[in-house]
Amino acid sequence: MAEKTNRLGLTPADYKGSKTTLCAGCGHNAISERILESMYELGIPPERVAKLSGIGCSSKTPAYFMSRAHSFNAVHGRMPSVATGALMANRTLIGLGISGDGDTASIGVGQFVHLVRRNLPLVYIIEDNGVYGLTKGQFSATADAGSTSKSGVVNQLPAIDTCLLAIQLGATFVGRSFSGDKKQLSAMLKAATVHRGTAVLDVISPCVTFNDHEGSTKSYSYMKDHEEPIHELSFIPSYENIAVDYDPGSTVSVKMHDGSRLQLRKLEDGYDPRNKIEAVTRIMTSHAQQEVLTGVLYVNTELPNFYDLLAIPDEPLATLPQERTRPPRKVLDEVMDSLA
Amino acid sequence: MSQSASTVINDMSLQVATVNGSGSQSANMVLLRTLFQMGIPVSGKNLFPSNIAGLPTWYTIRASKDGWIARKKEVDLLVAMNAETAREDVLSLRPGSAVVFDEPLQLGSVRSDLAFYPVPFDKVIQPVSSDAKLKKLLKNMAYVGVVAHLLGMEMGEVEAAIAKQFRKKAKAAELNVRAAMAGFDFAKASLEKKDPFQVRRMDANRGKIIIEGNAAGALGAMFGGVTVVTWYPITPSSSLVETLIGYMRRYRMGADGKSTYAIVQAEDELAAVGMVIGAGWAGARAMTSTAGPGISLMSEFAGLAYFAEIPAVIWDVQRVGPSTGLPTRTSQGDVLSTAFLSHGDTRQILLFPGTVEECFRFGAEAFDIAERFQTPVFVMSDLDLGMNYWMSEPFSYPEKPIARGKVLSKEDLQRLGGFERYRDVDGDGITYRTLPGTDHPAASYFTRGTGHNEKAQYSERPDDWVNNLDRLERKMETARRELPAPILDGTGAEVGIIAYGSSHHALVESRDQMLREKGLKTDYLRILAYPFSPEVRAFVDRHPRVYVVEQNRDGQLAALLKLDLPAELTTRLKSVAHIPGLPLDARSLTDEIVAREGR
Ligand SMILES: Cc1ncc(C[n+]2csc(CCOP(=O)(O)OP(=O)(O)O)c2C)c(N)n1
Ligand code: SF4
Ligand SMILES: [Mg+2]
């Protein structure tokens, strides 16, 4: 039997990473698998991807998928700036940023906020377990008020909702999902990958070692009981070129930058992810109702991205030839004359 | 006016004392330019407060027929326009100095051993404009006219300097010329020359330019092919990137109307350096510019870039610390901490430009060095060099093509079959890298700040760790031999002097003083880079006593040298460290070295 291949003729093995060193059952591993799978299915050449991360169990995961992509495991909470630099230098790369809730919402919240404002094309995944896994289970800033640690300590501070923050600050693709929701996460990742702006995905990803107990709001069982998908997602890639029939009354269809379509079949009446105010209101309601609202909460494919604002050319700045980066002799002569 | 025996020609220092925000900067530039255009070697130093308006500020201009351009300790002619400091300014003058002052300040009675020139500036300026706001500005240009008359400056050159200063505003230029004339005419009619100071046309400046170090650094970066620039505003480094923005908009737009660069004002220095490191990793020539507080913030990233081996260019335009310190005063106080910036066994490459020409040259070469060694390069400028105007020969166009270092292309990989990111193939400690996006299945590697082996895989093995750190050390040894070599002046003297950066200008004058006044011969080695060249050791080896001159309290470069030299040589080093918050002057150095030499 011929081996399974994608449209580039690559096999799933071409998207593999090294063996994970995370705990068995860690949500982060499932997310790595979804990333690998969606990149394979989308037919993205691994060499075109730049994986960027901070520090944490979550930030280690770029080692565990797509070894054929360059990867940069930077310092704690500062992946956004490194990603910004790398992608400005080479805008033809597909930027994949992996972070944790501590990495993003605590030490890195400043950089996160400013990344989002710039609308840099980057898929920014927060592998959100409500704790600092790598330093052994302290609460993070996404832990819900009233949730308890493994040893029974109650978290008294309100949680930062990274999706809400991202929407307010100008992210143009914001989704929340669950590491255990294969179908939803996969479609969301694909749409985020073809989106040309900052796509923030907060993926609840249980830490089996430090935050999977009763009293946690980031455990597998809590998610089973409280996940509230706002719509059913499907992704139709541009190259499939199939005419899609859908009922506009029950489905929102978003045309992505490359012509792909993100179909959102409404499970909830009237929710339109293109409406910012509605998105914010609905997320805040979900807090009051103690549900974990998942789905693509907000999307806007119209706003200019950071490359547009910088007015940089289509090819990478990094490899522009000397003729384009060193002005000719007469320019120096002209400047010297003006200073005489 | 007769030329008495006591006339002092083209050798004087003029100080203008005003209030910050009063618009005196243009007037001071006109004075500086006039002297420059008259062919007299000149330098200007702005002593300004950390304030937008209201606090005292002093601008010092030195004219020196001998070409000395460091700050002169003594002020010969004071222009006292600031009521708040006038008395103290006058009291600090040497007998025989001259004072031009705004008449209402009534300084004439403060001392009897000075030449006083009262000028009723409000009255002088009255016929020029009746607009109160303008008058405040024009008063400054009126003192230019007064000074021009007293010193014998050519009014034609004053007019030309005003035209240059206001080149885009013809109307303002005309008004300012009238204000200067009003001052000149008043002085001619009402002031009797009582001091010895005069200027006379010379021909020492033919072909020369005047520029600040920050602008020179910006030009260097542009001609060095910079493509990514990030910054967070901080005095005294802001003007480097601000000037760069101006030049890049003008000269680095592509034919397609797109920028061949990206400049980003980051949210802080952590982000600024993070972006530079991301961009350097992806293959761009990336830089940022900052000062002490920003350098401190960059520490964690600086260690990452050293250890993960990523090129980056970071300008540190030094000001006085610790902490916020004296934000608008010059120093060389970041040398030691930056040499080891970050935790663990981190070592950084430093460059020490001492002239605006070197700011330009290093502005470009820093990228070659950073890409050659795949590590951060810190260009250690300072406020004096960066923000003050200096004369220079015009800069030369970089002749060497841009060198991108050991980067493997797709074709290289096809030929080689693969590569190991951290393997020392050439024995110089410098390994090969690939850029993200290289279209070859073996191109990728994993960049990390954690322990790694030659294949860039995570490793905690002691042998991998030691192997890697030893190689990083080897790389620095290669750098030691390849970085800009020190500049030697003089041989055979018993006394050696080491200096670097902007201290150079006071030191060359001081050496001349020591020789002329005390017959003290000295050899001088100016250091341009760290890790130190082997020539530094050889220099110390040849001199029983070596004074290390610098602008900080602790003798930071002397300390770095002591770490580098064999124990038996370290006792030869004598630290001469000054940090009064003012640019270094020759006299203070001469006094100290002469005393320590027992002369
Ligand atoms: C500057 C700095 N401070 C602290 C640490 C220690 N540290 C490592 S990972 C981590 C928290 C990671 O939490 P999170 O981002 O949620 O990742 P997780 O391990 O939960 O996936 C901390 C505090 C560090 N590496 N760097
Ligand atoms: S400690 Fe938690 S987050 Fe870290 S690998 Fe284990 S399960 Fe995952
Ligand atoms: Mg976490």
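Biologist: Where in chain B does B:P236 lie?

Modeller: In this predicted model, B:P236 belongs to the loop between β10 (228–231) and α8 (238–251) of chain B.

Biologist: What makes the bond between B:T235 and B:P236 cis or trans?

Modeller: Omega decides that one. The value here is about 0°, and the bond joining B:T235 and B:P236 is cis. Most peptide bonds are trans. The bond from B:G321 to B:P322 is also cis, with omega near 10°, and B:P322 sits in the loop between β13 (312–320) and β14 (326–330) of chain B.

Biologist: What is notable about phi at B:S323?

Modeller: B:S323 is not a glycine, yet its phi is positive, about 55°. Most residues other than glycine have a negative phi. B:S323 lies in the loop between β13 and β14 of chain B. B:Q374 has a positive phi too, about 50°, and is not a glycine either; its place is the loop between α13 (356–373) and β16 (376–382) of chain B.

Biologist: How do you know whether B:S323 is buried or exposed?

Modeller: Exposed means over 50% relative accessible area. B:S323 has 64%, so it counts as exposed. For B:Q374 the value is 1%, and buried means under 20%, so B:Q374 is buried.

Biologist: And why is B:T478 called buried or exposed?

Modeller: Its relative accessible area is 4%, which is under 20%, so B:T478 is buried. B:T478 is in helix α16 (residues 462–482) of chain B, and it touches B:R372, B:F373, B:D428 and B:I430, leaving aside residues up to four places away in sequence. By contrast, B:K188 in helix α6 (residues 170–190) of chain B has 57%, which is over 50%, so B:K188 is exposed.

Biologist: Why is the pair of B:F223 and B:Y397 called edge-to-face?

Modeller: Two values settle it. The centres are 5.9 Å apart, and the limit for a pair is 6.5 Å, so the rings qualify. The planes are at 80°; over 60 degrees counts as edge-to-face, so the name fits.

Biologist: What parts of chain B does that pair tie together?

Modeller: B:F223 lies in helix α7 (residues 213–223) and B:Y397 in the loop between β17 (389–392) and α15 (410–416), so the pair ties together parts 174 residues apart in sequence. Both residues are buried, and they form one aromatic cluster with B:F360 and B:F395.

Biologist: How do you know that the charged end of B:K194 sits over the ring of B:Y117?

Modeller: The distance is 5.7 Å from the ring centre, and the limit is 6 Å, with a further condition of 35 degrees from the ring normal. In chain A, A:R7 lies over the face of A:Y239, at 4.0 Å from the ring centre.

Biologist: What makes A:D101, A:N129 and A:V131 donors of the magnesium ion (ligand 3)?

Modeller: Their atoms, OD of A:D101, OD1 of A:N129 and O of A:V131, lie 2.1 Å from the ion. The cut-off for this metal is 2.8 Å, so they count as donors. Their spacing in sequence is D-x27-N-x1-V. A:D101 is in helix α4 (residues 101–105) of chain A and A:N129 in the loop between β4 (122–128) and β5 (131–132), 28 residues apart. Both A:D101 and A:N129 are buried.

Terms used:
Residues numbered from 1 in each chain as written. Chains lettered and ligands numbered in written order. Predicted model: local features only at pLDDT ≥ 70, side-chain atom pairs only at ≥ 80, totals over all residues. Heavy atoms only, no water. Phe/Tyr/Trp six-rings, centres within 6.5 Å; stacked < 30°, edge-to-face > 60°. Helix = DSSP H or I, 4+ residues; strand = E, 2+ residues; numbered from the N terminus. Buried < 20%, exposed > 50% of the residue type's maximum accessible area, 1.4 Å probe, protein only. Donors = N, O, S within 2.8 Å, 3.2 Å for Na, K, Ca; no water. Contact = heavy atoms within 4.5 Å.
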